[in-house]
Amino acid sequence: MNPRPVSAAARLSAALLCLLAACGGSADPAKLTDEGYAALGKSDWKGAQADFGAALETLKPTDPGYLRAKMGWIEAAIYTDAGKAKDEFLSLATGMASQVKSSDYISVASKLTGERKFSEAIAVLESGLKAHAEDPKVRAVGEAIKKAAEKAGDNASLEALKSLGYL
């Protein structure tokens, strides 16, 4: 009995399946997001960004895990590229206004302040004040930024806060 001839396409498909299995295939975005948060916990900002970025490659903004992965990416970016983190957060807040909570604004602005990225923190604060004017905790973030900017002697940031009514 002669074995059936195998087409080139079948051999290529089999080889690709073996290769995917060896590489682990495509990773689950929820697992990648969890790994990203684990990396954040270890202050591995670049590793976290890579994990969140890989998750975001397969997620759409309408997917349930998108916002969690995007917020994780933004948090990691605060420590690697604060300007990009601010821009991405403000874009997210505009595009998903009903899902971005006041606590998200507070978290991002506070972390930016902790890194002495006052102009970025003030931009997030200003947007947060517009989106969540009723939340006194958002307003309190401005006071924290003011104290940190005063301590750092950052007059430009203090002027920016003055225009928001903090001085």
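Here's a quick tour of the core, the aromatic pairs and one helix in this structure. Keep in mind that the model is predicted. The largest nonpolar core has 42 residues, and helix α4 gives the most to it, with nine residues. The rule for aromatic pairs turns up three of them, and two are picked apart below.

**The core**

- Inside the largest nonpolar core, the residues with the most contacts are I74, F89, L92, V100, V108, L125 and I145.
- Plenty of helices chip in: α2 (29-41), α3 (45-58), α4 (66-80), α5 (82-95), α6 (102-114), α7, α8 and α9 each supply at least two residues of this core.
- Leaving aside residues up to four places away in sequence, V100 touches L67, F89, L92, A93, Y105 and H132.

**H132, a loop residue**

- You'll find H132 in the loop between α7 and α8.
- Is H132 buried or exposed? Its relative accessibility is 14%, and buried means under 20%, so H132 counts as buried.
- With residues up to four places away in sequence left out, H132 touches V100, K101, S102, Y105 and V138.

**Aromatic pairs**

- Y37 and F52 have ring centres 4.9 Å apart and planes at 75°, so this pair is edge-to-face.
- Y37 sits in helix α2 and F52 in helix α3, so their pairing ties together parts that are 15 residues apart in sequence.
- The two partners differ in exposure: Y37 is partly exposed, with a relative accessible area of 28%, whereas F52 is buried at 0% relative accessibility.
- How do the rings of W45 and Y79 pair, and what are their distance and angle? Their centres are 3.9 Å apart and their planes are at 15°, so they count as stacked.
- Here W45 comes from helix α3 and Y79 from helix α4, so the pair ties together parts that are 34 residues apart in sequence.
- W45 is partly exposed, with a relative accessible area of 23%, and Y79 is partly exposed too, at 25%.

**Charges over rings**

- K70 lies over the face of W73, at 5.4 Å from the ring centre.
- R139 lies over the face of Y166, at 4.2 Å from the ring centre.

**Helix α9, end to end**

- Helix α9 covers residues 155-163, and its buried residues are S157, L158 and L161.
- Why do these residues share a face? Looking down the axis of α9, the buried residues fall within an arc of 100°, so they line one face of the helix.
- The general background is handy here: an α-helix has 3.6 residues a turn, so residues three or four places apart point the same way.
- Turned away from the buried side of α9 is a face that carries the exposed residues N155, A156, E159 and S163.
- Among what covers the buried residues of α9 are α7 (118-131) and α8 (136-152).
- At the start of α9, D154 puts a side-chain oxygen within 3.3 Å of the backbone nitrogen of A156.
- Just after α9, G165 takes a positive phi of about 90°.

Definitions and conventions
Residues are numbered from 1 along each chain as its sequence is written. This is a predicted model: local features need pLDDT of at least 70, side-chain atom pairs count only at pLDDT 80 or more; totals for chains, interfaces and linings use all residues. Side-chain values use heavy atoms; hydrogens and water are left out. Buried means under 20% relative accessible area, exposed over 50%, partly exposed in between (1.4 Å probe, protein chains only). Helices (H or I, at least four residues) and strands (E, at least two) are DSSP runs, numbered from the N terminus. The arc is that of the directions from the helix axis to the C-beta atoms. Contact means heavy atoms within 4.5 Å. A polar contact is a pair of N or O atoms within 3.5 Å; within protein, one must be able to donate a hydrogen and the other to accept it, and residues adjacent in sequence count only if both atoms are side-chain atoms. A nonpolar core is a set of buried Ala, Val, Leu, Ile, Met, Phe, Trp, Tyr and Cys residues joined through side-chain atoms within 4.5 Å. Rings of Phe, Tyr and Trp (its six-membered ring) pair if their centres lie within 6.5 Å; planes under 30 degrees apart count as stacked, over 60 as edge-to-face and the rest as tilted. A charge sits over a ring if NZ of Lys or CZ of Arg is within 6 Å of the ring centre and within 35 degrees of the ring normal.
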